[in-house]
Amino acid sequence: MTAPAQIQPHPRRWLILGVICLAHLTVLLDNTVLNVAIPSLTKGMGASTADIQWMISAYSLAQSGLLLTVGSAADRYGRKRALMTGLGLFGIGSLIASLAESPGELIAARAGMGVGGAILMTSTLAVIVQVFDAEERVRAIGLWSTVLTFGFAAGPLIGGVLLNRFWWGSIFLVNVPVAVLGLTAVTVYVPESRNPLGDRPDLPGAGLSVIGMLGIVYAIISGPVHGWSSSDVLLPAFVGIAGMTGFALWERRTPHPMLDLRFFRDRRFVGAVAGGVLVAFGMGGSLFLLTQHLQFVLGYGPLKAGLCTVPLALSIALLNILGVGARLLRRLGTAGVVVLGMTLIALGLALVSVLGRHGYGGMVVGLITMGVGIAMASPAMGAAIMGAIPPERAGIGAGVNGTLTEFGNGLGNAVLGAVLNSRFAALLPATIGAGSLPAALAAAHGQEQRTAVAHAFASGVSVSQLVGAAAVLAGGLLAAFLLHRADRADSDRRSPAPAEVAA
């Protein structure tokens, strides 16, 4: 791989960082704002748990399937132009989503919003790489990550405030003025940058990756509904695996791959990839479960449920603003920071599951622990991914990072949602068959059955959170092992040979 070229810092780089963080915040809020609206959508639209999973996953899958392609397009045709296009598409998609009248319409609108979000997400990180030098880049990515994780965690709070006063469509309509403000700021302050000799967008690769991911996620979401051995599950699973296999084969042969598989020869890149997917898996899935736990199990309203996520958001923001992750990175190395951060995320998930079963008090400890872990692990993995890719291909690097985040988020919603559904269905009284907690409660006869339904759902949430914790811990150990081996290999290459020492 070619050595990274030296980047000259832009004189207005911190102002530019603020502008692109504003643009990125528009997308990030929408990643989780829908979680707190689940009870409203379940009652207002008659949406089942599977419908809700698709409303969330359609957005993430559209982004993860297109991020790599739009990353190369941004490199070639202009990163500022890509930011402006993404903001425009996202604003239009949000307006359409606010007017949806059925689960199917909202799922389609969310997928359309994901297209605009994909263009935005890949362009913001690419601009950071272009305007900051290597010394300041880790701190800049840490601040960018603060906005990312704060927006991700603050979405339920903003959604709760809106739902407390307005109808569910307001959580999408609020994106429109923010998109307009971001579009204006990008037009005025962000410089244009491009690599005219960059690769052409890989449309066949994008198509195969979308087919593969859709098939796999569809099978995971449908498993608890249709049965894991049914044709409704096995056929999309086969299509998904075939699509991902075709994607890998195509990327090896095409002269302009959307994902250069040679990147995976770098142990640091592979370690950061593994960690990034599992952090997003745990965080996305846990927020999907957490807001349902707060509203369906503990009986909180949307605003109170949103307020309950504040400790997670504040702990992430405070540590990243103070630069704790960057300082620990210099002291412990990438592997040490990643394993510490992901262990804390897993511990936080487990504490939420165990201590939060009967009330919110014990849950706070788990949320803060998760926030500390995310603030440590995310900047280190983002810097590792971007450091393994030449700056002139920054759009591709940003696309890889964003793809991991969105695919991990969608996979976390699908897998942990499937665990929840399976456990819930297994514990329901035999006379009740329903696709959501409100429907099951409505079908229950007497207080005894309603208590059994509530217990079944609470047990499903708890088990799902523990599964997420185990997955994050395993991912952290794997990522740290690979990153440690990469650091040792680099150290061995820099050390003089014995003969040179003797000389």
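Select Leu-61 together with its contacts, where contact means heavy atoms within 4.5 Å. Leaving aside neighbours within four places in sequence, Leu-61 is in contact with Trp-54, Met-213, Leu-214, Val-217 and Phe-407. Leu-61 is found in helix H3; helices (H or I, at least four residues) and strands (E, at least two) are DSSP runs, numbered from the N terminus. With a relative accessible area of 5%, Leu-61 is buried; buried means under 20% relative accessible area, exposed over 50%, and partly exposed in between (1.4 Å probe, protein chains only). Add Glu-406 to the selection: the C-alpha atoms of Leu-61 and Glu-406 are separated by 6.9 Å, although these residues are 345 apart along the chain.

A note on the model is due here. This is a predicted model, in which local features need pLDDT of at least 70 and side-chain atom pairs count only at pLDDT 80 or more, while totals for chains, interfaces and linings use all residues. Residues are numbered from 1 along each chain as its sequence is written, and side-chain values use heavy atoms, with hydrogens and water left out.

**The whole chain**

Now display the full chain. Its secondary structure comes to 19 helices and 0 strands. Of its 503 residues, 58% count as buried. Among contacts between residues at least 6 apart in sequence, 84% join residues at least 24 apart. The chain exposes about 19,700 Å², of which carbon and sulfur atoms supply 66%; accessible areas come from the Shrake-Rupley method with a 1.4 Å probe, and for residues only the protein chains shown count as cover.

**Aromatic pairs**

Return to helix H3 and select Tyr-59 with Phe-90. The structure holds 3 aromatic pairs; rings of Phe, Tyr and Trp (its six-membered ring) pair if their centres lie within 6.5 Å, and planes under 30 degrees apart count as stacked, over 60 as edge-to-face and the rest as tilted. The rings of Tyr-59 and Phe-90 have centres 6.3 Å apart and planes at 70°, so this pair is edge-to-face. Because Tyr-59 lies in helix H3 (residues 49–77) and Phe-90 in helix H4 (residues 79–98), the pair ties together parts that are 31 residues apart in sequence. Tyr-59 is buried, at a relative accessible area of 1%, and Phe-90 is buried as well, at 0%.

Next, select Phe-424 and Phe-457. These residues form an edge-to-face aromatic pair, 5.5 Å centre to centre with 85° between the planes. Phe-424 is in helix H16 (residues 394–427) and Phe-457 in helix H18 (residues 446–494), so that the pair links distant parts of the chain, 33 residues apart. Phe-424 counts as buried at 4% relative accessibility, and Phe-457 counts as buried at 3%.

**Charges over rings**

Keep Tyr-59 in view and add Arg-110. The charged end of Arg-110 sits over the ring of Tyr-59, 4.4 Å from its centre; a charge sits over a ring if NZ of Lys or CZ of Arg is within 6 Å of the ring centre and within 35 degrees of the ring normal. Then select Lys-304, which lies over the face of Tyr-300, at 4.2 Å from the ring centre.

**Further meeting points**

Select Gly-155 in helix H6 (residues 134–165). Gly-155 counts as buried at 0% relative accessibility. Gly-155 and Leu-29 are 126 residues apart in sequence and 4.7 Å apart in space, C-alpha to C-alpha.

Move to Leu-278 in helix H11 (residues 267–297). Leu-278 counts as buried at 18% relative accessibility. Not counting residues up to four places away in sequence, Leu-278 touches Met-342, Ala-471, Val-472 and Gly-475. The C-alpha atoms of Leu-278 and Leu-473 are separated by 8.5 Å, with their positions 195 residues apart along the chain.

Then select Trp-250 in helix H10 (residues 231–253). Trp-250 counts as partly exposed at 33% relative accessibility. Leaving aside neighbours within four places in sequence, Trp-250 is in contact with Asp-202, Pro-204, Gly-205 and Leu-208.

**A patch on the surface**

Finish by showing the surface and selecting Leu-95, Leu-99, Phe-166, Trp-167 and Leu-173, which form a nonpolar patch with about 510 Å² of accessible area together. Patches are made of residues with over 30% relative accessible area and no salt bridge: like charges are joined within 9 Å, nonpolar side chains (Val, Leu, Ile, Met, Phe, Trp, Tyr) within 5 Å. A salt bridge is a side-chain nitrogen of Lys or Arg within 4 Å of a carboxyl oxygen of Asp or Glu. Within this patch, Leu-173 has its place in helix H7 (residues 170–173) and is partly exposed, with a relative accessible area of 34%.
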